[in-house]
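This report goes through the sheet, the helices that lie on it, the pocket and the aromatic pairs of one protein chain.

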Amino acid sequence: MPRIEAKHVVPVDIDTAFAVSQTHGDIRLEWDPFIASQHLVDADHPAKGVRTATVSRHRLKMVSEYVSFKAPTQVGMKMVEGPWFFASFGGGWTFREVDGGTEATWRYTFSVKPSWLSPVADPIGRWLLGKDITARIGAYAKACQNPVVLAAVRAP
């Protein structure tokens, strides 16, 4: 199963770094270049078992479910409904404190269907999703310095 990863050190504490990664609604739209809309399904806060409905700027729709949620160090999600060409899709974040802030790592894993297309589709998917995750983590890093985003995640 292909795995794509991007890392960035952000100049905020680990709790803030984690909180920015888990924003939804208008705050997520403030920084995430991939998202056209996103909301939690039947929940007010992300947690293990909670589902998220996302529509990309490419109009692709996906419902994902948190399979782990361990603030402030780790979160993982899996696709439960999504584009026809994914047999599976997962994503996750890990965070660790480093000199100068927090290292954030964002990962995707995927498999395509039909599986016999993997020799052709996997390299294309790695390239497309690699561009996507690189752009998204760059935008995330900027969000970790955006006063509007930081105020939202630090609000009581």
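Strand 5 is joined to strand 6 by a hairpin of four residues, and in this predicted model the two strands pair in the antiparallel sense over five bridges. Within that pairing, Gly76 has Gly92 of strand 6 as its bridge partner. Another hairpin links strand 6 and strand 7 with two residues between them, and Gly100 in its turn has a positive phi of about 90°. A hairpin is also formed by strand 3 and strand 4, with four residues between them, where Arg59 in the turn has a positive phi of about 75°.

The table lists antiparallel strand pairs with their bridges and an example of residues that stand opposite each other.

| Strand pair | Bridges | Opposite residues |
|---|---|---|
| Strand 2 and strand 3 | Six bridges | Ser37 and Val55 |
| Strand 3 and strand 4 | Five bridges | Ala53 and Val63 |
| Strand 4 and strand 5 | Seven bridges | Phe69 and Val75 |
| Strand 6 and strand 7 | Twelve bridges | Arg96 and Glu103 |

What is the order of the strands in the open sheet? The seven strands follow the order 1-7-6-5-4-3-2, with antiparallel pairing. Strand 1 (3-10) and strand 2 (35-41) stand at the edges and have a single partner strand each, so one side of each is left without a neighbour in the sheet. From one strand to the next, the twist averages 20°.

Two helices can be described against this sheet. Helix 1, which covers residues 14-21, packs on the sheet and touches strand 1, strand 4, strand 5, strand 6 (86-98) and strand 7 (101-112), while its direction makes about 160° with that of strand 6. Helix 3, made of residues 118-143, lies across strand 1, strand 2, strand 6 and strand 7, and runs at about 155° to strand 7.

Helix 3 also takes part in the lining of the largest pocket, to which it gives the largest share, seven residues. The space in this pocket comes to about 930 Å³. Its lining consists of 45 residues, and Phe34, Met62, Phe86, Phe89 and Leu129 are those that lie nearest the centre. Besides helix 3, the elements that give two or more residues to the lining are strand 2, strand 3 (51-56), strand 4, strand 5, strand 6 and strand 7.

How many aromatic pairs does the model hold? The count comes to 13 aromatic pairs. One of them is formed by Tyr66 and Phe69, whose arrangement is edge-to-face, with 5.6 Å centre to centre and 80° between the planes. Tyr66 is buried, because its relative accessible area of 2% lies under 20%. Phe69, the residue that stands opposite Val75 in strand 5, is partly exposed, because its relative accessible area of 26% falls between the limits of 20% and 50%.

Trp106 and Tyr108 form a further aromatic pair, which is again edge-to-face, at 6.2 Å centre to centre and with 65° between the planes. Are these two residues buried or exposed? Trp106 counts as buried at 5% relative accessibility, and Tyr108 counts as buried at 4%.

Definitions and conventions:
Residues are numbered from 1 along each chain as its sequence is written. This is a predicted model: local features need pLDDT of at least 70, side-chain atom pairs count only at pLDDT 80 or more; totals for chains, interfaces and linings use all residues. Side-chain values use heavy atoms; hydrogens and water are left out. Rings of Phe, Tyr and Trp (its six-membered ring) pair if their centres lie within 6.5 Å; planes under 30 degrees apart count as stacked, over 60 as edge-to-face and the rest as tilted. Buried means under 20% relative accessible area, exposed over 50%, partly exposed in between (1.4 Å probe, protein chains only). Two strands pair if DSSP finds at least two bridges between them. Axes are lines fitted to C-alpha atoms, for helices over the stretch in contact, and angles run from 0 to 180 degrees between N-to-C directions. Contact means heavy atoms within 4.5 Å. On a 1 Å grid over the protein atoms alone, a cavity is a set of points where a 1.4 Å probe fits but cannot get out, and a pocket is an open set with protein on both sides within 12 Å along at least five of seven lines; lining residues have an atom within 4 Å of a point. Grid points are joined across faces, edges and corners, and a volume is the space filled by probe spheres set on the points.
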